[in-house]
Amino acid sequence: MNNKIFKGLYLALATTAMIGFTACEDEPDKYEISEGSPTIRYIRPVNVEAADSIITGAYMDNNICIVGENLRSITKMFFNDQEAKLIPSLITDNTMIVTVPGQIPGEVFNKIFMVNNSNDTTTYDFSVLVPGPNINNMSNEWAKAGETATIYGNYFVDDPNVPLSLSINGRKIDIDEFTISTITFTVPEGLAEGPIEISTVYGKKKAKFNYHDTNGMLFNDWGTYDAGDKSTGLTNHGWHNQLIVSDENSLDGSYLFLGDCDVDNDTWADGNLAFEYWPGDWDGTFTGTNARLSDLVSFTDFANMALKFEVNIPSSNPWTNLSMQCIFSGDEQVTLLTANNSFFNGTDYPRGLWTPWNATGSYDTGGKWVTVTLPFSTFKYKHDGTPASVPLTASNFTGLTLFVWKGVTSGTTCHPIIRIDNVRAVAY
């Protein structure tokens with residue numbers, strides 16, 4: 001790309017930049033554009049430990065330090081055809097800290113283009129490195145055959161020579177459509193539980209979760225034990241027997257049903273909105289379907305784990321008030337023999353607060369099942385949403401309470417229906 005082309009492309013942009021950067025005379029310390037053109041001597045990492053290293057390329061979204069002369073003459077900077085954001089407080093005559101743009105180049109020149117105050121362009125050889133694919137989550141990890149599912153992440157790049165590829169449990173899956181951050185596909189018949197892998201020209205990545213994931217399962221076919229289906233048999237085990245339903249809305253056997261009652265700022269409806277699993281039996285034993293959750297799943301590395309489940313909320317009964325308190329408890333807090341609510345009612349005990357309606361004022365899934373992920377690192381609040389002073393420990397994972405109460409109380413009155421299935425604790 002020659003200088004004349006760049007002049008034509010960025011004339012208007014450069015003019016705007018000059019206006020934005022030029023200092024007023026009554027602000028002598030304000031950043032000012034200098035005359036002339038810049039010179040880059042070398043580029044190095046930002047961190048001090050690597051300050052002596054010289055780099056010729058960097059990954060997207062990484063910070064770099066440019067070293068040279070007259071760098072304050074730069075009004076616009078492009079890595080290939082992607083514009084970088086210039087921050088005046090990070091620019092001197094001799095150094096500039098800048099973030100490599102996070103968008104994949106449309107055209108690759110392996111150059112930095114610097115436009116100055118006179119709209120002249122200076123170039124410097126530098127490569128933008130594109131990471132391999134990154135997988136964050138899936139719309140419904142338990143989507144059924146024939147249903148459409150979406151995988152979310154980044155750097156889903158399709159190349160004519162090395163096409164974007166998706167496989168599940170070693171089986172190549174046809175992709176319906178994709179963007180740089182989403183892949184949508186139709187679940188084929190006979191697809192069994194297994195790992196999800198995405199491959200691009202820049203590398204391969206396996207998700208931390210499986211399709212139809214049974215890892216870390218705590219509650220699935222509620223009250224039914226089946227070793228072959230990995231059903232734990234755990235269900236209501238506390239003060240309340242919430243509805244366990246198997247009907248046309250089922251995802252995988254039976255599910256937990258919460259709600260179908262009016263909810264406003266002051267609602268305490270534990271008869272409709274509280275599920276408890278408190279371990280132990282009346283004889284003091286902890287076995288079988290009365291076992292501690294920590295006997296089913298290891299929580300040793302809970303800091304790098306998350307609570308996951310599928311949820312289904314019909315559009316006819318959206319959720320618009322209060323938070324779901326997700327409270328893992330230890331034997332010191334509650335067992336069947338020591339049943340109480342002091343560990344979550346008005347105390348400093350930490351829990352996660354799931355409030356999906358808070359961003360828009362209302363939340364439903366359109367009657368479809370979707371996967372919810374709540375990292376244990378976010379389980380740090382009291383019941384009212386203020387920070388808890390007591391942190392979770394590995395001993396706090398023998399029981400579980402889910403209760404729609406308190407938390408965020410700035411919503412509107414609603415009559416929600418909340419269906420929950422496949423509650424699990426997994427690596428995150």
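Strands here are DSSP runs of E at least two residues long, numbered from the N terminus. With that in hand, the pockets of this predicted model can be read strand by strand, after a quick look at confidence. The mean pLDDT of the protein is 92, with 93% of the residues at 70 or more. The weak spot to keep in mind is residues 1-25, where pLDDT is below 50. Even so, that stretch has 37 contacts in the model beyond near neighbours in sequence.

Start with the largest pocket, which comes out at about 290 Å³. It is lined by 15 residues, and those closest to its centre are Asn140, Glu147, Thr148, Lys368 and Trp369. Strand β11 gives the most to this lining, namely four residues. By class, the lining splits into six nonpolar, six polar and three charged residues.

The second largest pocket has a volume of about 230 Å³. Here 14 residues make up the lining, with Ile135, Asn136, Lys208, Phe209 and Tyr428 closest to the centre. Several strands chip in: β10, β17 (203-211), β27 (370-375) and β29 (417-427) each supply at least two lining residues. Of the contributors, β17 gives the most, with five. The class split is six nonpolar, four polar and four charged.

Two of the strands just met, β10 and β11, also turn up in an open sheet of four strands, ordered β10-β11-β15-β14 with antiparallel pairing. The edges are taken by β10 (134-138) and β14 (177-178), each of which pairs on one side only. Further in, β11 (residues 148-154) and β15 (residues 182-186) run antiparallel and are joined by five bridges. One pair to look at in the viewer is tyrosine 152, whose bridge partner in β15 is threonine 182.

A second open sheet, also of four strands, has the order β5-β4-β7-β8, and its pairing is antiparallel. Its edge strands are β5 (82-83) and β8 (121-125); each has a single partner strand, so one side of each is left without a neighbour in the sheet. Strands β4 (residues 74-79) and β7 (residues 111-116) pair over five antiparallel bridges, and methionine 77 stands opposite methionine 114 in β7. On the other flank, β7 and β8 are likewise antiparallel and share five bridges, with isoleucine 112 standing opposite tyrosine 124 in β8. The β7 and β8 strands form a hairpin with four residues between them. In that turn, asparagine 119 has a positive phi of about 70 degrees.

Finally, tryptophan 354 is worth a closer look. This residue sits in strand β26 (residues 352-354). Its relative accessibility is 9%, so tryptophan 354 counts as buried, the cut-off being under 20%. Setting aside residues up to four places away in sequence, tryptophan 354 touches Phe309, Val311, Trp319, Ser323, Met324, Cys326, Tyr363, Val372 and Leu374. Among these, Val372 and Leu374 fall in the span of β27 (370-375), a strand already met in the lining of the second largest pocket. As for leucine 322, this residue is 32 positions from tryptophan 354 in sequence, while their C-alpha atoms are 9.1 Å apart in space.

Conventions. Residues numbered from 1 in each chain as written. Predicted model: local features only at pLDDT ≥ 70, side-chain atom pairs only at ≥ 80, totals over all residues. Heavy atoms only, no water. pLDDT = per-residue confidence, 0-100. Contact = heavy atoms within 4.5 Å. Pairing = 2+ DSSP bridges. 1 Å grid on protein atoms, 1.4 Å probe; cavity = no way out; pocket = protein on both sides within 12 Å on 5 of 7 lines; lining within 4 Å. Points joined across faces, edges and corners; volume = space filled by probe spheres on them. Nonpolar A, V, L, I, M, F, W, Y, C, P; charged D, E, K, R; others polar. Buried < 20%, exposed > 50% of the residue type's maximum accessible area, 1.4 Å probe, protein only.
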